[in-house]
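The exercises below concern sheets and helices, and each is followed by a solution worked in steps. Please attempt each task with the sequence and the model in view before reading on.

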Amino acid sequence: MEKPPLLSVDDLTIAFRSENQETRATDQISFHLGSSETLGIVGESGSGKTVTALSILRLLPSPPAKVLSGRIIFNDKTEGKKNILSLSEEEMRKIRGRKISMIFQEPMTSLNPVFTCGDQVAEILRQHLIVNKSEAKERVLELFHEVRLPEPRRVFAKYPHELSGGQKQRVMIAMAIACSPGILIADEPTTALDVTVQKTILELLQRLQDERKMSILFITHDLGLISSFARRVVVMYKGKVVEEGEVGNIFKNPQHRYTQGLIACRPPLSARLRRLPMVEDFINGMGGEVQVISPKEREAEHGRIYASEPVLKVAGLGKKFHQHPVSFFKKENQHRVLSNIALSVFQGETLGIVGESGSGKTTLARTMLELIPPSEGSILYLETEITTLNRENLKKLRKDLQIIFQDPYSSLNPRRTIGAAIMEPMVVHKILRNNAERRAETIRLLRQVGLEPHHFDRYPHEFSGGQRQRICIARAIAVRPRLIICDEPVSALDVSIQAQVLNLLNDLKSQLGLTYIFISHDLSVVKYMADRLIVMKEGKIVEMGDADQIYKNPREEYTRLLLEAIPGQKSKEP
């Protein structure tokens, strides 16, 4: 006789009510989670994934959230079946963390910054289990060891800001499994992490599941990530379940157009596409053949690009940060983050830079623009030595060298309309004669990046993440630069929005003759965008060359490990 599901969600409809409007976040969704099973829930932002997860633990604020219909049945091994939606708050407190636990997407905001990591995990144990302070500490140290945190006793006494992103997520996992729950809900637990850290977190979750016989509900926007982790997958779109089945079957033969689009819009490693497919194309029935750039075309383009002199040359670049002593008796020391960096960037190329967090990618980008002064070395833009420029001449140079930052949310002033934000650099650099002309140019730029003229007077909070990144791109090209540094410009975006932004960047490169330095920890994205590739580790360049050649035949073991960590794909053996 087949075992009943551990968790069943039946016809769940949840709405959010504002003053005069009701918006359905989930619409009659149903799925089940078996004992010791991993079920993936995949969909973009706004598909209802996180709302579903929070509703299982009754963490949605009510109001504005309201359950219009449905049941969530939890098959408690000791107390039998329970409808979570009908339990009292006191009964729910016994379930949260004890029987059903959750790992949230952003560990920095999920951990309390004023308590040590050890105390926060110990609090869970003392709340749900009858243990004293010393017993709780010993158990936390065991948990830290179990999730492979280095030096558990030191981590116990550290505050969240003293740990890396991967270490913070391991603390969150330790907290989630502290009371041996039967169900673990993982809501985008690896989204902000490097591919290598992402891989270790997934392997850790799989090992913990095998050892503890847990069921895992794994939520993500990346189908590639779920392909090697879950057995079954549920695909959500606009609050509805549009497809469900075995992972292998879904990947080989997706039935719904939305699923087909999600799979297609991820940059492939096996071919170099001229343009990434977009989910909207599949939804509208227009998803079809993709165009591939042939090796001959690529060779001819590279012959043209590399026949000229570089627009930017970096030689012997280094950067040290001063670390203040922690006590009066210790001397100030220096922490080197860049060592002897040498590179050239040619007009019309995209130079990709990859590496893990802490490898020095962003520091290099900001140092090349003199946003951070280098400790040593030369930065030559055309015939100008940037490191010796005074403030006035450096300001003039900013027009030619622009940067698009990783986070489109914090890159825009919430108190300025997007029209004003795009016009501001034009005013600073005296582009066009007056504000009337600048307004007309801003509207043209909005159209160019896929937005509408009426967006001019709106504020950043009125736009999605993908739209905000388009605004940041419009602001960067408003001053007609020659070179743009793209620092993780799509890492915070859904894969479908990512495809739109990458296509836009390539279109603008072709139309405006731009040169890019494209920084990312995602090798599949960088390979799609880049002509040449630089691999960084611990502030040094460890490998440099043609992007396709490095993928096919990486010389360094570090590069090979990065490639093997790409979700759902393996690097090819040389």
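**Exercise 1.** Which strands does α19 lie across, and at about what angle does α19 run to β18?

Solution. The model is a predicted one, and the strands to look for are β13 (350-354), β16, β17 and β18 (515-519), since α19 lies across these. Taking β18 as the reference, one finds that α19 runs at about 155 degrees to this strand.

**Exercise 2.** Determine the strand order of the sheet that contains β16, and identify its edge strands.

Solution. Begin with the order, which is β16-β17-β18-β13-β19-β20 in an open sheet of 6 strands with mixed pairing. Next, look for strands that pair on one side only, and these edge strands prove to be β16 (401-404) and β20 (540-546). Neighbouring strands of this sheet are turned by 20 degrees against each other on average, with direction ignored. Finally, examine the pairing at one edge: β16 and strand β17 (residues 483-487) run parallel and are joined by 4 bridges, and in this pair I403 stands opposite I485 of β17. Helix α18 lies across both β16 and β17, and its direction is at about 175 degrees to that of β16.

**Exercise 3.** Describe how α18 and α19 pack against each other, and state which residues form the contact.

Solution. First take the geometry: helix α18 (residues 465-477) and helix α19 (residues 495-512) pack at an angle of about 15 degrees, and their axes are 10 Å apart. Angles under 35 degrees count as roughly parallel, and α18 and α19 are therefore roughly parallel to each other. Their crossing is right-handed. Then list the contact residues: from α18 come G466, Q469, R470, I473 and I477, which meet I497, Q500, V501, L504, L505, L508 and L512 of α19. Sorted by class, the contact of α18 with α19 comprises 8 nonpolar, 3 polar and 1 charged residues.

**Exercise 4.** Work out why β2 and β5 each have one side without a neighbour in their sheet.

Solution. Start from the order β2-β1-β4-β5, which describes an open sheet of 4 strands with antiparallel pairing. Because β2 (22-33) and β5 (80-83) stand at the edges and each has a single partner strand, one side of each is left without a neighbour in the sheet. On average, neighbouring strands here are turned by 10 degrees against each other, direction ignored. At the β5 edge, strand β4 (residues 65-76) is joined to β5 by 4 bridges, the two running antiparallel, and I73 stands opposite N83 in β5.

Methods:
Residues are numbered from 1 along each chain as its sequence is written. This is a predicted model: local features need pLDDT of at least 70, side-chain atom pairs count only at pLDDT 80 or more; totals for chains, interfaces and linings use all residues. Side-chain values use heavy atoms; hydrogens and water are left out. Two strands pair if DSSP finds at least two bridges between them. Axes are lines fitted to C-alpha atoms, for helices over the stretch in contact, and angles run from 0 to 180 degrees between N-to-C directions. Angles under 35 degrees count as roughly parallel, over 145 as roughly antiparallel, 65 to 115 as roughly perpendicular and the rest as oblique. A crossing is left-handed if the near helix is turned anticlockwise from the far one by less than a right angle, and right-handed if clockwise. Contact means heavy atoms within 4.5 Å. Ala, Val, Leu, Ile, Met, Phe, Trp, Tyr, Cys and Pro count as nonpolar, Asp, Glu, Lys and Arg as charged, and the others, Gly among them, as polar.
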